4 protein chains.
Amino acid sequence: MRASMVLYVSDMLDTRATWLTDDELQSARQRLPIVYVDAVPVRVDGTGQVVSVGLLLRGMPDGSISRAIVSGRVLYGERIRDALLRHIEKDLGGLALPSVPASPQPFSVVEYFPSPEVTGFHDPRQHAVALAFIVPVRGDCAPSQDSLDLVWVTPDEATAPEFQSEMTGGQGRLVRMALAHCGLLA
Amino acid sequence: MRASMVLYVSDMLDTRATWLTDDELQSARQRLPIVYVDAVPVRVDGTGQVVSVGLLLRGMPDGSISRAIVSGRVLYGERIRDALLRHIEKDLGGLALPSVPASPQPFSVVEYFPSPEVTGFHDPRQHAVALAFIVPVRGDCAPSQDSLDLVWVTPDEATAPEFQSEMTGGQGRLVRMALAHCGLLA
Amino acid sequence: MRASMVLYVSDMLDTRATWLTDDELQSARQRLPIVYVDAVPVRVDGTGQVVSVGLLLRGMPDGSISRAIVSGRVLYGERIRDALLRHIEKDLGGLALPSVPASPQPFSVVEYFPSPEVTGFHDPRQHAVALAFIVPVRGDCAPSQDSLDLVWVTPDEATAPEFQSEMTGGQGRLVRMALAHCGLLA
Amino acid sequence: MRASMVLYVSDMLDTRATWLTDDELQSARQRLPIVYVDAVPVRVDGTGQVVSVGLLLRGMPDGSISRAIVSGRVLYGERIRDALLRHIEKDLGGLALPSVPASPQPFSVVEYFPSPEVTGFHDPRQHAVALAFIVPVRGDCAPSQDSLDLVWVTPDEATAPEFQSEMTGGQGRLVRMALAHCGLLA
């Protein structure tokens, strides 16, 4: 078996077959909603207030190179908080020191559909249901793996047309929803 | 394909193949987390305060006949709020007049695992990620389809040992979490 | 009548007895944060999704005549849900049939300060801490008492410059925060 | 300078200037609901999951010496997050390294009344409306000022009769509500 066919389960809790080949994943994506986590990485000041938002630059499902937040699939047998940590490490590196929230209550649930008309959140590959969290990071972040770049912008910059126009599939809206949840929507 | 093999999509938003045979669902359940909705049906007074909780009696995944809240799978292409309505209608009948919340933010996210040790929420069939909502109903409710019975109990009764001991897989805990969210945990 | 002789009735629906003379309230407002409730009145469709937002036209603390949501003080001895009902009845009339949420968890907490610079939420009279809720109404609404007008606008209209520019003190931002919480920020 | 003339500085971290003499505060407490913050201090593991809850031992409003969480008044002109920091420092010392949440949305709002019958949350001195937050702390904590002791207990211990029976005024219930919000109610 090639390593590339095995999707790693970071904290595997079951010894049965927990992986999918690319073909199987492709097939499942056309038949079942897929569980995702979306994490808006932020830096906070000493009072916990958000001072900047981390925006990646990456290839997106729609084929564009766009600004984006951390996002990824929850694997079979994986806790949501482990999936958050895994995707944050994958996108921001291993020294980001994220503070995953103590509560499993997300600030929103984002429904991505293959059609852009249903909710405005769009993923041409699949129907994904993403639990969206705001995740403060305290450490050093560096774009890793699939990401080309990472910038930290103020809440005002993140909601300004310059960056909003660089986000696709509803990611710009999700960033504004996260800031609204923090009381910081301009 | 026999009609009985087709899972109905209540508000289908895509014309591609959106169904799974029983075998395919069985297989997916051992490879992917499945998106669920859990709905705690409540009756509220004129101020919105919960006065009673609806508890079904039904066959559960663990083989027991137990008290339970409304719960079910989200289908491919289905909005979360449509899945909530579909399962409430399935379990409480078509005259329940549910008020599905305006916000997609669930009060909690429940992670059911095949092993009872991971989170305490247990489903021997699958790894399910359930978005949990409190849903006030104003109409007439009657147990339908798979449910054998429906009782309305006060918040105090719902958290008392008599009913808690009749709930399995973490459902008793979920009811207490819902009441805690309403400020009504005894 | 001495203030200490006034018995508060928890389900009181008018503002006659407030425990405080105007002078005393004036004085308290310069010494203590005042507890408020903010209610964004919405109409929802059969799936619970917001289809329109109710905007009042009224005289505001800053002296302007502006669009506004339902807002008011919580009285001594009054439950938050009773205060919500009282202010909704005061602003939308007695036939609005509001559904006050079952949970006391607000979608946000808004901090109004006499200085517009602290949070952007501004009330020249006082430091107010407002618990903000989205409240679906099913009945007939009519502007009453202090309100001059009431319009129902779509989520897109509510966030468009036309109506946003008619709201002061941060009310336009609060409406956008409410819609963001409902997943409907444009 | 008289206390009433003292201007509050928003980032002030001690309790010296409170805008109100003791008499004035006493009077206000019988006429207005008072804004409070309640903070449940927790320690979390690397995945953000709560592993222990901090319980103080202190003199309570009802005259008892009881286990309690961090709690205190929000001052005129003070941001909620500044009040949280101030009370955490007052109760746990200046080296606690608290992570105040990025969002102002509390996990619950607790209504304390002079009568124990209204909500079960009881404060004989006043009607207080407390915004309740779960606050992870990473540093060294030591009971300070009014607190006699501080213990860290597991979620299971915190909800067990031994500690629940040592909490009055609804504090035991609030701890269970916090743990329910974290998905950890036993």
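Accessible areas here come from the Shrake-Rupley method with a 1.4 Å probe, and for residues only the protein chains shown count as cover. One more thing before the views: this is a predicted model.

**View 1. Chain A as a whole, with its 5 helices and 7 strands.** Walk along the sequence of chain A and you pass the elements in the order α-β-β-β-β-α-β-β-β-α-α-α. Of the 186 residues in chain A, 60% are buried. What chain A still exposes comes to about 7,100 Å², with carbon and sulfur atoms supplying 53% of that area. How many of the contacts in chain A join residues at least 24 apart, once you count just those between residues at least 6 apart in sequence? The share is 65%.

**View 2. Where chain A meets chain B.** Here 39 residues of chain A are in contact with 39 residues of chain B. The two chains bury about 3,300 Å² between them, and carbon and sulfur atoms account for 62% of it. Which residues of chain A lose the most area to chain B? They are Arg31(A), Leu32(A) and Tyr76(A), which together make up 21% of what the chain A side buries. As for why an area is quoted at all, the size of an interface is often given as the accessible area lost when the parts come together.

**View 3. Charged and polar pairs between chain A and chain B.** The interface of chain A and chain B has 4 salt bridges. One to look for pairs Arg79(A) with Glu111(B), whose closest N and O atoms are 3.3 Å apart. There are also 10 residue pairs in polar contact across the interface of chain A and chain B, counting pairs with both residues at pLDDT 80 or more. On the side of chain A that touches chain B, the elements giving two or more residues are helix 1 (22-28), strand 1 (34-44), strand 5 and strand 6 (128-136). Strand 5 of chain A has the largest share of that side, with 3 residues. Sorted by type, the residues on the side of chain A that touches chain B are 22 nonpolar, 8 polar and 9 charged.

**View 4. Where chain C meets chain D.** The contact involves 35 residues from chain C and 35 residues from chain D. Together, chain C and chain D bury about 3,000 Å², 64% of it on carbon and sulfur atoms. On the chain C side, pick out Arg31(C), Leu32(C) and Tyr76(C): this trio supplies 24% of the area that chain C buries against chain D, more than any other three residues.

**View 5. Charged and polar pairs between chain C and chain D.** How many salt bridges are there between chain C and chain D? The count is 4. In one of them, Arg79(C) reaches Glu111(D), with 3.3 Å between the closest N and O atoms. Polar contacts across the interface of chain C and chain D come to 10 residue pairs, both partners at pLDDT 80 or more. The side of chain C that touches chain D draws at least two residues from each of helix 1 (22-28), strand 1 (34-44), strand 5 (108-112) and strand 6 (128-136) of chain C. Strand 5 of chain C gives 3 residues, the largest share of that side. By type, the side of chain C that touches chain D has 21 nonpolar, 7 polar and 7 charged residues.

**View 6. Helix 5 of chain D, residues 171-181.** Is this helix mostly covered or mostly exposed? Helix 5 of chain D is mostly covered, with 11 of its 11 residues buried. Among them are the charged-name pair Arg173(D) and Arg176(D), along with Leu174(D), Val175(D), Met177(D) and His181(D). Just after helix 5 of chain D sits Gly183(D), with a positive phi of about 75°.

**View 7. Leu97 in chain A and in chain D, with positive phi.** Most residues other than glycine have a negative phi. Leu97(A) is not a glycine, yet its phi is positive, at about 50°. Leu97(A) lies in the loop between helix 2 (80-92) and strand 5 (108-112) of chain A. With a relative accessibility of 45%, Leu97(A) counts as partly exposed. In chain D, Leu97(D) has a positive phi near 50°. Its place is in the loop between helix 2 (80-92) and strand 5 (108-112) of chain D. Leu97(D) is partly exposed because its relative accessible area is 45%, and the partly exposed class runs between 20% and 50%.

Terms used
Residues are numbered from 1 along each chain as its sequence is written. Chains are lettered from A and ligands numbered from 1 in the order in which they are written. This is a predicted model: local features need pLDDT of at least 70, side-chain atom pairs count only at pLDDT 80 or more; totals for chains, interfaces and linings use all residues. Side-chain values use heavy atoms; hydrogens and water are left out. Contact means heavy atoms within 4.5 Å. Buried area is the accessible area (1.4 Å probe) that two parts lose on being put together, summed over both. A salt bridge is a side-chain nitrogen of Lys or Arg within 4 Å of a carboxyl oxygen of Asp or Glu. A polar contact is a pair of N or O atoms within 3.5 Å; within protein, one must be able to donate a hydrogen and the other to accept it, and residues adjacent in sequence count only if both atoms are side-chain atoms. Helices (H or I, at least four residues) and strands (E, at least two) are DSSP runs, numbered from the N terminus. Ala, Val, Leu, Ile, Met, Phe, Trp, Tyr, Cys and Pro count as nonpolar, Asp, Glu, Lys and Arg as charged, and the others, Gly among them, as polar. Buried means under 20% relative accessible area, exposed over 50%, partly exposed in between (1.4 Å probe, protein chains only).
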